[in-house]
Amino acid sequence: MPSTPLPQHQRRIIRRLLKVVPGEQTNRGPSNEVAAAVVLMAATVVALVWANLPESNYHEVWTTQFELNFDSVSFGMDLHHWINDALMALFFAFLTLEVRREIEMGELRDRRRAAVPVAAAVVGLALPAALFLLVNMGTGAASGWGVVVSTDTAFVLGILALVGRRMPPQLRVFLVTLAVADDIGALAIIALFYTDDLEVIPILVAFAALMFIALLRRLGVWRGAVYLAAAVVVWVALYESGIHATLAGVAIALLLPIFPTSADHVDRARRLMSAFAQSPSPDFARQAEDGLQRAVSVNERAHRRLLPYVSFVILPLFALANAGVHISGPVLRDAFTSRLTWGIIIGLVVGKTAAIVLTAAVARRLRPGSLGPGLGLSHIGAIATLSGIGFTLALFVADLAFVDSTTLGRAQIGILSASLIAAAIGTVFFRVLDRLERARPHLGTRLAEPVDQSRDHIRGNVNAPLTLVGLRQLRVWFLCLNQRDS
């Protein structure tokens, strides 16, 4: 179907307007993943150095009280809990938004393609926990088994982007699917096993606010500010109820609207922008901006807005507030003679690696080709070793599971040690694979699934030598038009 090229002045207007509209994850490329991992590591190092300075005020800073006062009503926590309970709610919302998107429109939509990494994630939750419980059987530390179940996606993606540049593209798809399924399991474990005593009335208030969000979704409300106001009510109510307040982010993100951008959305946005181009005015500019906003779901807009804050503010602040472990000879001797520390190291480094590799090996044996084109057990093994990096969620669960400072310190040392060991082994593994990949012929570009004209947005002749398909976002749609016009 032929398309009419947009005039140059209209394309300039679209470029300006598109800056305010979230599109595909264009800013989550390898360079940004590396930068996010570097910032997170730097915050961890700063926390460790700060906590071990002579006469350090590290712990005093994070126990500083901050209160919000509204007439006779006050609400306050110390700085540590503002980060762990409030900011981390945004982190969990971010993870859940990504999970929803992958299930609705991404890698987890195709069950056959997602089967192996999802199965590996499930075994990767169970086997590390079993090893941890085996090591800590009969001790009070056994309640911390949830520490070893989750992988730190940000660190693993950053290291993969840094050392896995010559790996098959399908390896990153496998990792993302594995991480999403892993996150689902970790969030469920936190909700079920690490919740305090419950208060009924705040739970009812939170439930009512969640139903209000569901009603907004059903009515087709697309403005994010309305959802944000209801989300604040949900968070405060859950905090007062005894349920860990971070789970408010999960509940809210599950209810936010998500849909692929349709051809009708694209056509409507184009008409509004054409009207603005013909008669520039504040009213037409507002309508054109609203048209672009309506075309992208609240889920994807929220995910895009949260991405830089999660990567470069929330996670580094969390590391800064939680990774400050006092390290000395007696402390290290105590930790490395503790079953808790070794249970964490064995669970993350050995359990995660063995679970993912064994699952992939069994799947390949039962169904050849199930790993995807170009992937072998060596690639899966490299990813499996990196999956032992359990930094962020591991520290989070440790803070929930252990109240005693000595026990918490042992757990933190175990988490840091396991993450360092997994990162080192994984990096060496990838360096070896990188040398092997240089000698292999590169695979041609292949579509992982066939073109579906009822789902993929196609402009122009479908029999053309080069076709760009799957335009779920206006940004990509405009780039396609720009290429055709040029």
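These are my notebook entries on what I looked up in this structure, which is a predicted model.

**Entry 1: the whole chain**

I began with the overall make-up, and I found 19 helices and 2 strands in the protein. Of its 486 residues, 50% count as buried. I then looked up how far apart along the chain the touching residues are, and among contacts with a separation of 6 or more, residues 24 or more positions apart account for 80%. For the surface I noted an exposed area of about 23,500 Å², of which carbon and sulfur atoms supply 63%.

**Entry 2: the two strands**

I turned next to the strands, S1 at residues 65-70 and S2 at residues 73-78. The two run antiparallel and are joined by 6 bridges, and as one point of reference I wrote down that Asn-69 stands opposite Ser-74 in S2. How many of the 6 residues of S1 are buried? The count is 0, and I therefore recorded S1 as hardly covered, given that a residue has to fall under 20% relative accessible area to be called buried.

**Entry 3: Asp-78**

Asp-78 caught my attention next; its place is in strand S2, and it is buried. I asked which side chain of opposite charge is nearest to Asp-78. I found that it is Arg-410, 23 Å away, and that Asp-78 has no salt bridge. I then looked for polar partners in the backbone, and two nitrogens came up: that of His-80 lies 3.2 Å from a polar atom of the Asp-78 side chain, and that of His-81 lies 2.8 Å from a polar atom of the same side chain. Leaving aside residues up to four places away in sequence, I listed Trp-62, Thr-63, Thr-64 and Gln-65 as the residues that Asp-78 touches.

**Entry 4: helix H10**

I went on to helix H10, residues 247-255, where Leu-247, Ala-248, Gly-249, Val-250, Ile-252 and Ala-253 are buried. What covers these buried residues of H10? The cover includes helix H4 (79-105), helix H7 (169-193), helix H8 (200-218), helix H9 (224-241) and helix H13 (298-322).

**Entry 5: the salt bridges**

I counted the salt bridges and found 3 in the structure.

One of them joins the side chains of Glu-104 and Arg-100, at 3.9 Å from N to O. Both residues lie in helix H4, 4 residues apart, which is about one turn of the helix. I recalled the general rule that an α-helix has 3.6 residues a turn, so residues three or four places apart point the same way. I also compared their cover: Glu-104 counts as partly exposed because its relative accessibility is 42%, whereas Arg-100, at 9%, counts as buried.

Another salt bridge is formed by Lys-352 and Asp-182, with the closest N and O atoms 2.8 Å apart. Lys-352 lies in helix H15 (residues 339-366) and Asp-182 in helix H7, so this pair ties together parts that are 170 residues apart in sequence. I checked whether Lys-352 and Asp-182 are buried or exposed, and both are buried.

There is also a salt bridge in which the side chains of Asp-334 and Arg-410 meet, at 2.8 Å from N to O. Asp-334 is in helix H14 (residues 329-336) and Arg-410 in helix H18 (residues 405-438), so the pair ties together parts that are 76 residues apart in sequence. Asp-334 is partly exposed, with a relative accessible area of 28%, and Arg-410, at 24% relative accessibility, also counts as partly exposed.

**Entry 6: two distances across the chain**

Finally I looked up two residues together with a partner further along or back in the sequence. Val-232 has its place in helix H9 and is partly exposed, with a relative accessible area of 47%. From Val-232 to Ala-206, C-alpha to C-alpha, I noted 9.8 Å in space, against 26 residues in sequence.

Met-105 is found in helix H4, and it counts as buried because its relative accessibility is 7%. How many residues along the chain lie between the positions of Met-105 and Phe-259, and what separates their C-alpha atoms in space? I found the two residues to be 154 residues apart along the chain, with their C-alpha atoms separated by 8.1 Å.

Terms used:
Residues are numbered from 1 along each chain as its sequence is written. This is a predicted model: local features need pLDDT of at least 70, side-chain atom pairs count only at pLDDT 80 or more; totals for chains, interfaces and linings use all residues. Side-chain values use heavy atoms; hydrogens and water are left out. Buried means under 20% relative accessible area, exposed over 50%, partly exposed in between (1.4 Å probe, protein chains only). Two strands pair if DSSP finds at least two bridges between them. Lys and Arg count as positive and Asp and Glu as negative; His and the chain ends are not counted. A salt bridge is a side-chain nitrogen of Lys or Arg within 4 Å of a carboxyl oxygen of Asp or Glu. A polar contact is a pair of N or O atoms within 3.5 Å; within protein, one must be able to donate a hydrogen and the other to accept it, and residues adjacent in sequence count only if both atoms are side-chain atoms. Contact means heavy atoms within 4.5 Å. Accessible areas come from the Shrake-Rupley method with a 1.4 Å probe; for residues, only the protein chains shown count as cover.
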